[in-house]
Amino acid sequence: MIVFIALILVAAVASTVIINTIQDTSENAESTVLDVRGELSKKVLVEGAYISERDCTVVIWEHGGAAGWSASFTVGAHTGAAFVAAGGTDNAASTVVVDDGCRAILYENSDFSGWENTYEVGSHAINPNDQLSSLIVQNPSSRLPQGFELEMIMELGLGSPPIPAETVRWSVSCKNGTGVGLDSEDIVTSGSRLLGDTNTLGDDSDFVAGEIIEYGMVFKVPVSFSNCIPNSGINLPLLLHVDGGATTNVNLALRATAQGTNLFFDP
Ligand SMILES: [Ca+2]
Ligand SMILES: [Ca+2]
């Protein structure tokens, strides 16, 4: 009898353990399903894509210390004729002032030949003095001489929970010579803002890490290229990935590279 009672007790304890284990397992399964749903709903959509050019200017001055005549140049290649047309005098320039986001490559001759000197952001004495005849202004974040980059307009997908800005990352791959080039950045590093030109706090500044993007906010993300050099006429596959969330695949048809071209809607 005592043995029988003991057996019943053991059986009761064992079945309780089994029942608890089953409940635990089903609870785990349920929360796993919820986690997956939560992750996939973290999604960023592309609402538009434009060809843009970063604002940046290089000013050439006649004398040291930025004095005398001056001539301003935006991103692009400026021949000797263009240099003179902009107000410069051949073989007389002594100072170059390079804006934020710009780089200036100065040349001895009017056709980008002869000596060549590169100046980064800041004010510099041109060396050699009084010989400059042509220049190229570049956006260093783009290896294309015309300063080509994209501005992507994005927002969260319907039903997406709020997500930290730095968890959104874009990447673009393309043929680069015989290899494959890849450019990828999170949107904080890219220097993104809301459409109204502020961050999510209403300040006149780019997003910083930790800022939260919520459903309904529309934001713009500069996509610039350093390894990937897209040309007119190619299809550019762009991936938008949210850490711990979904990946969105966008195919951009580069029918033209003129500034302002809307890659989604322009013919
Ligand atoms: Ca001079
Ligand atoms: Ca010269």
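In this predicted model, one open sheet is built from four strands that follow the order β3-β2-β5-β8, and the pairing within it is antiparallel. Its edge strands are β3 (67-73) and β8 (122-125), each of which pairs on one side only, and the twist from one strand to the next averages 20°. A further open sheet of four strands and the pairings of strand β10 are set out below by topic.

**The β3-β2-β5-β8 sheet**
- Within this sheet, strand β2 (residues 58-63) is joined in the antiparallel sense to strand β5 (residues 95-98) over four bridges.
- V59 has V97 as its bridge partner in β5.

**The β4-β9-β6-β7 sheet**
- Four strands in the order β4-β9-β6-β7 make up an open sheet, and here the pairing is antiparallel.
- At the edges of this sheet lie β4 (76-78) and β7 (116-119), each pairing on one side only, while neighbouring strands are turned against each other by 15° on average, with direction ignored.
- Three bridges connect β4 with strand β9 (residues 134-138), and the two pair in the antiparallel sense; the bridge partner of G76 in β9 is V137.

**The pairings of β10**
- Strand β10 (residues 149-156) runs antiparallel to strand β1 (residues 44-52), to which it is joined by eight bridges, and E155 in β10 is the bridge partner of L45.
- Strand β10 also runs antiparallel to strand β16 (residues 218-224), with seven bridges joining the two, and L150 stands opposite V223 in β16.

Terms used:
Residues numbered from 1 in each chain as written. Chains lettered and ligands numbered in written order. Predicted model: local features only at pLDDT ≥ 70, side-chain atom pairs only at ≥ 80, totals over all residues. Pairing = 2+ DSSP bridges. Axes fitted to C-alpha atoms, helices over the stretch in contact; angles between N-to-C directions.
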